[in-house]
Structures are given as C-alpha cells and as structure tokens.
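The following note is offered to a colleague who will read the model alongside the bench work. Its points are numbered so that each may be checked against the coordinates.

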Amino acid sequence: MMTALDGFFGSAAAYPAAALVLAASHALPSWPGVRPRLVAALGRTGFTTLYSLLSLAALALFVLAYRAADTAAVFTPPSWAAPLAVAAMPVAFTLIVWRLTAPFGPADDPHPPRGLYRITRAPGSLGLLLWAGLHLLATGDSRRLVLFATMAAIALFAIVKNGWVLRHADSEGARRLFAAAHAVPFAAPASRRPAAWAAAARETGPWRPLAALAAWAAVLAAHPRVFGVDPLFWLS
C-alpha cells in the first residue's frame, strides 16, 4: 500500500490529479440538481457528513501531493505584485469574514439582502477569487500556480453555480437578491445607490472589518514560518 502511494505521489501527474479531485469534491456534490437528490436520499445530516468527509479527504490528498510535487519557475512576478497583494488582501478577508458570519440562507430562497449582500451576492466566493488572483500575480513557480489556480476555479464555479440556482429559483427571496446585487460588485443598479452603500456599511458594522484586519495581520506574521515566503520581502 505504501509503495503504491509513494509511486503515486512521486509521479508528475499526482499534483494536477489531486487538484482536479479537490475541485471536483466541491463542484460535483453541489451541482444543480445533484445536491437536492443527495439530500433527499441521505437526509441533510447524512449529506453534510458525507460532503465534509469527501472534502477533507480531497484536501488531505491535495496537501500531500503539493508537498511531494516538484516545482519550477514559470515567470518572474512584476515588482508591484507583492505590494498589491499585501495591500488588497484586507478586502478579500472582509468579504470572506462577512460570508462566514452572515448566513446566506437556502440557495434557492436566500434571506433578504443585507450588509455586503447589497453590493455583491457572492462575497465569500469573490473574496476567495480575489485571494487567488492576487497570489497568482505574485507567484511565479509552478507548484503555487496550480494551488491558486485551483482556488480560483473553485470560486468561479461557486459564483456561476449559485447564479444559475438563483436565476432558476421560483422564490421571492431569489428575485429580491437578483434585483439588489450582481456577483460583480456594484454591477446591479440597486447596489450603486448611496442608500445601499449606507445600509451595507451600517449592517456590516465595524467589527467585521476589524476582524478581517486582525486576520490579515496574523497571516502576514505567520506567513514566513507557515508558508516559507515573506510577503513583506520587498520592504527590506
């Protein structure tokens, strides 16, 4: 068994294959039409348990393949890429913190839009996409390019899939969210009104941006030790 695993992780195809498995573990169970059937067959608790186990197994496979993969320089990042990533990451953290602390509701009948949902209907996926995009610009080696490209693919799939579900949902909640916000921030007319900005700021509150800044600072401090890369190298 160990010989087979060693042979798999030692192959050039292991890392891309693990990336595909990770992306599929997010996409397939939530594919429109698939999730309701699985919930009906397994129950909500059974589906959540199975989905969590599948996601953890796929993540573990990806981490092991990442650590075993060889890497090579693909391009030299522009000098402004790292400072841009450091400066813009608080925005990504704020979007993700909002998504984690403000329930969306059922995908086909979401809660009335409030907070950042007045600006974009996909704050979490948008935050992950921004995170991946900033790091793709600032990363030049093949191993991390695959990592952040996988993150971007997962986020893009979630944005497109959730938009499809909302567009085909026959509910007042879906219609409200479509009228209020697009996946792209400020793309919907309602989200460009000053009243929407004021309501979003009031409902978001000061603690979420502060929590995002604290998370950003913690990641900056831990980055060299945990990931082996100092995001502030350009200051020295």
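1. Phenylalanine 186 is partly exposed, because its relative accessible area is 39% and that class lies between buried, under 20%, and exposed, over 50% (1.4 Å probe, protein chains only). The residue sits in the loop between helix 7 and helix 8. Its phi angle is near 65°, a positive value in a residue other than glycine.

2. On the basis of this note: the model is predicted, local features need pLDDT of at least 70, side-chain atom pairs count only at pLDDT 80 or more, and totals for chains, interfaces and linings use all residues. Residues are numbered from 1 along each chain as its sequence is written, and side-chain values use heavy atoms, with hydrogens and water left out.

3. The chain holds nine helices and zero strands, where helices (H or I, at least four residues) and strands (E, at least two) are DSSP runs numbered from the N terminus. Along the sequence the pattern therefore reads α-α-α-α-α-α-α-α-α. The C-alpha trace spans about 55 × 55 × 25 Å along its principal axes. Of the 236 residues, 37% count as buried.

4. Contacts, meaning heavy atoms within 4.5 Å, often link distant parts of the sequence: among those between residues at least 6 apart, 76% join residues at least 24 apart.

5. Which residues touch the most other members of the largest nonpolar core? They are Trp98, Phe104, Tyr117, Ile159 and Leu166, in a core of 14 residues. Helix 4 (81–101), helix 6 and helix 7 (172–180) are the elements that give two or more residues to this core. Apart from it lies another core, of nine residues, including Ala19, Leu22, Phe62 and Ala65. A nonpolar core here is a set of buried Ala, Val, Leu, Ile, Met, Phe, Trp, Tyr and Cys residues joined through side-chain atoms within 4.5 Å.

6. Leucine 166, one of the residues just named for the largest core, touches Phe104, Ala107, Pro110, Arg121, Ala174, Leu177 and Phe178, when residues up to four places away in sequence are not counted.

7. Threonine 150 lies in helix 6 (residues 142–168). Is this residue buried or exposed? Threonine 150 counts as buried because its relative accessibility is 8%. Leaving aside neighbours within four places in sequence, its contacts are Ala19, Leu22 and Phe62; these three residues are also among the members of the nine-residue core.

8. Methionine 151 is likewise found in helix 6, and its relative accessible area of 17% is why this residue is classed as buried. Not counting residues up to four places away in sequence, methionine 151 touches Leu128, Trp131 and Ala132. Methionine 151 and threonine 48 are 103 residues apart in sequence, and their C-alpha atoms are 21 Å apart in space.

9. Leucine 128, in helix 5 (residues 123–138), counts as partly exposed because its relative accessibility is 25%. With residues up to four places away left out, leucine 128 touches Ile96, Met151 and Ala155. From leucine 128 to leucine 95 the C-alpha separation is 8.4 Å, across 33 residues of sequence.

10. Lysine 161 is a further residue of helix 6, and it is buried because its relative accessible area is 15%. Its side chain is joined to that of asparagine 162 by a polar contact of 2.8 Å. Such a contact is a pair of N or O atoms within 3.5 Å; within protein, one must be able to donate a hydrogen and the other to accept it, and residues adjacent in sequence count only if both atoms are side-chain atoms. Lysine 161 also touches Ser30 and Pro32, not counting residues up to four places away in sequence.

11. Alanine 195 is found in helix 8 (residues 194–204) and counts as exposed because its relative accessibility is 58%. The C-alpha atoms of alanine 195 and valine 97, 98 residues apart along the chain, are separated by 23 Å.
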